[in-house]
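Here is a quick tour of a fold and its aromatic contacts. Have the structure open as you read.

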Amino acid sequence: MTPNILLIMADQLAPQFTGTYGHPVVQTPHMDALAARGTRFDAAYCNSPLCAPSRAAFLTGRLPTATGAYDNAADFASSLPTFAHALRAAGYATCLSGKMHFVGPDQLHGFEERLTTDVYPADFAWTPDWRDPLTRIDKWYHNMDSVTQAGPAATTFQIEFDDETTFLARRRILEYAMSGDGSEFGDGRPFAMVVGLMHPHDPYVARPEFWDLYPDANVDMPKNPRRADDPHSTRVRQGNEGDRIAASEADILSARRGYYANTSYFDHNVGILIRTLEEAGLTDNTVVIVTSDHGDMLGERDLWYKMSWFDHSSRVPLVMAGPGVRPGTWDAPCSLIDLFPTMLDIADAEHPCHIPLDGRSLWPSATERAPGQTEAIGEYCAECAPGAPVIMLRRDRWKYIHAAGDPPQLYDLAADPDELTNLAPDHPVAHDFAVEVAARWNDATVSAQVIASQDRRRVITGALGQGAPTHWDYTPPRDASQEYVRNHMDWTVAAAKNRWPPNPHLKVRS
């Protein structure tokens with residue numbers, strides 16, 4: 001029987017700040033339980049430490065320079081096949097609930113249905129300018145407000161969004177079950193659902209019941225607060241205004257407390273969806289994957305948020321459980337682009353376009369403990385870059401970072417997991433990586449492509465700002481005349497159809 005797929009994606013969740021990956025304070029019991037019965041990947045990375053380009057890479061199995069989705073306002077072309085297209089072609093009912101940060105008029109990208117709108121705008125207004133890379137765009141750049149204004153609250157737009165996302169995903173899973181064959185459409189198809197949640201992305205504001213899980217005395221401060229002074233870290237700090245707005249110890253503690261609270265809130269929503277699978281009787285035939293689009297520095301190295309290739313920003317949790325998945329851990333480097341071929345393996349399907357993917361399937365490693373992917377590659381082509389891509393290669397024990405005009409960085413993560421000692425440029429491994437980078441990337445070519453994309457988008461944004469606007473933001477279709485009980489329905493039929501588990505004693509009038 002072809003398995004269903006449920007993939008739950010957090011936003012800005014660093015694995016280092018989860019109980020699942022060993023944090024002594026942060027409570028993530030539902031992720032913990034999933035990891036206990038499945039495979040936890042311990043060296044999984046994003047392919048760009050920023051929301052939209054990371055998600056485009058995740059969906060297409062291609063790196064940012066292949067998709068052209070460089071930053072949070074770069075259009076995600078409809079002509080790019082995603083794993084949603086591939087699974088749909090293989091006979092799956094594909095569904096998206098929540099955030100996926102699609103930029104452009106196509107807000108489905110292969111998903112047959114989408115249950116919610118997105119949380120961020122779909123247009124080009126957030127376009128950075130590599131011709132003037134150090135100029136802030138105050139309307140949308142991160143600043144230090146999330147650090148200095150952390151605390152509890154009854155609600156935020158992020159809480160409202162995640163509550164809606166989880167509720168609608170839960171309802172759809174039960175509808176799959178009530179259809180009797182695993183598909184809401186009643187045609188025998190398995191389902192592939194992606195649930196995109198906003199938390200624990202800043203602002204670090206949490207519901208009181210999660211905030212109260214972490215008294216101040218239990219919240220640890222950054223392990224390595226020593227300021228990273230490499231050029232890219234300096235640019236990121238300037239971009240976030242951390243160079244001129246100093247966070248007090250109280251600010252840092254509150255921000256970390258809010259992040260921990262929102263990590264537990266994310267885990268709470270994971271638990272709702274896992275429990276729904278159990279209630280629907282679908283657990284034994286559903287592969288569940290939990291991951292994130294990138295991490296959060298959370299004050300480590302005097303950095304916040306993302307946009308850095310340090311591990312707190314670029315590593316992601318990746319936990320997989322379900323039929324055929326063996327319990328245990330896997331420590332070989334891998335990345336989000338590996339999930340497209342993984343899903344093809346889960347579905348026992350071929351890519352319908354036979355387009356080469358940049359990733360390799362993780363399914364053999366999860367099910368057979370067979371060697372597979374051994375590297376993670378990243379390309380950062382967004383704000384705070386030096387007008388050129390910032391490239392990351394993670395292989396074996398090594399991480400190498402290259403950016404034109406910046407000194408190279410090489411870290412031995414086995415001996416120096418906190419990335420405190422840069423071994424480049426004298427180490428012979430750094431030389432080998434430099435040769436590889438020069439052969440695989442042409443900085444000038446990539447820069448020209450990115451700048452040309454930014455120039456086009458600014459022209460379009462300026463033009464579309466004149467006259468009557470046409471918004472690309474997704475509005476979910478809804479027909480209230482077909483919901484609950486209506487005059488053209490028999491209420492006993494509606495009651496029986498929408499009850500789970502079904503009541504064998506309920507008599508339905510014919």
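## Helices across the sheet

Start with helix α11, residues 339-347, in this predicted model. Helix α11 lies across β1, β9 (286-292) and β10 (318-321), and its direction makes an angle of about 160° with β1.

Helix α6 (residues 157-178) does something of the kind over β1, β4 (93-98), β5 and β7. Here the angle of about 160° is the one to β7.

## The sheet underneath

What order do the strands of the open sheet follow? Reading across, it goes β5-β4-β7-β1-β9-β10-β2-β11, which makes 8 strands with mixed pairing. The edges belong to β5 (113-114) and β11 (328-330), each of which pairs on one side only.

Strands β1 (residues 4-11) and β7 (residues 191-200) run parallel to each other, joined over 6 bridges. If you want a spot to zoom in on, L6 stands opposite M193 of β7.

## Aromatic pairs

Now for the rings: there are 15 aromatic pairs. Take F17 and Y259, whose ring centres are 5.7 Å apart; their planes meet at 80°, so this pair is edge-to-face. F17 sits in the loop between β1 and α1 (29-36), while Y259 belongs to helix α9 (residues 249-280), so the pair ties together parts that are 242 residues apart in sequence. Is F17 buried or exposed? With a relative accessibility of 2%, F17 counts as buried, and Y259 is buried too, at 0%.

Y176 and F191 make a stacked pair, because their planes are at 10° and the cut-off for stacking is under 30 degrees; their centres are 4.3 Å apart. This one links helix α6, home of Y176, to strand β7, home of F191, across 15 residues of sequence. Y176 is buried, with 0% relative accessible area, and F191 likewise counts as buried at 0%.

## A cluster, and two arginines over rings

Back to F17 and Y259: both belong to one aromatic cluster, together with Y204, Y214, Y260, W304 and Y305.

Two arginines are worth a look as well. The charged end of R40 sits over the ring of Y21, 5.1 Å from the ring centre. Further along the chain, R397 lies over the face of W398, and there the distance to the ring centre is 5.9 Å.

Technical notes: Residues numbered from 1 in each chain as written. Predicted model: local features only at pLDDT ≥ 70, side-chain atom pairs only at ≥ 80, totals over all residues. Heavy atoms only, no water. Pairing = 2+ DSSP bridges. Helix = DSSP H or I, 4+ residues; strand = E, 2+ residues; numbered from the N terminus. Contact = heavy atoms within 4.5 Å. Axes fitted to C-alpha atoms, helices over the stretch in contact; angles between N-to-C directions. Phe/Tyr/Trp six-rings, centres within 6.5 Å; stacked < 30°, edge-to-face > 60°. Buried < 20%, exposed > 50% of the residue type's maximum accessible area, 1.4 Å probe, protein only. Lys NZ or Arg CZ within 6 Å of the ring centre and 35° of its normal.
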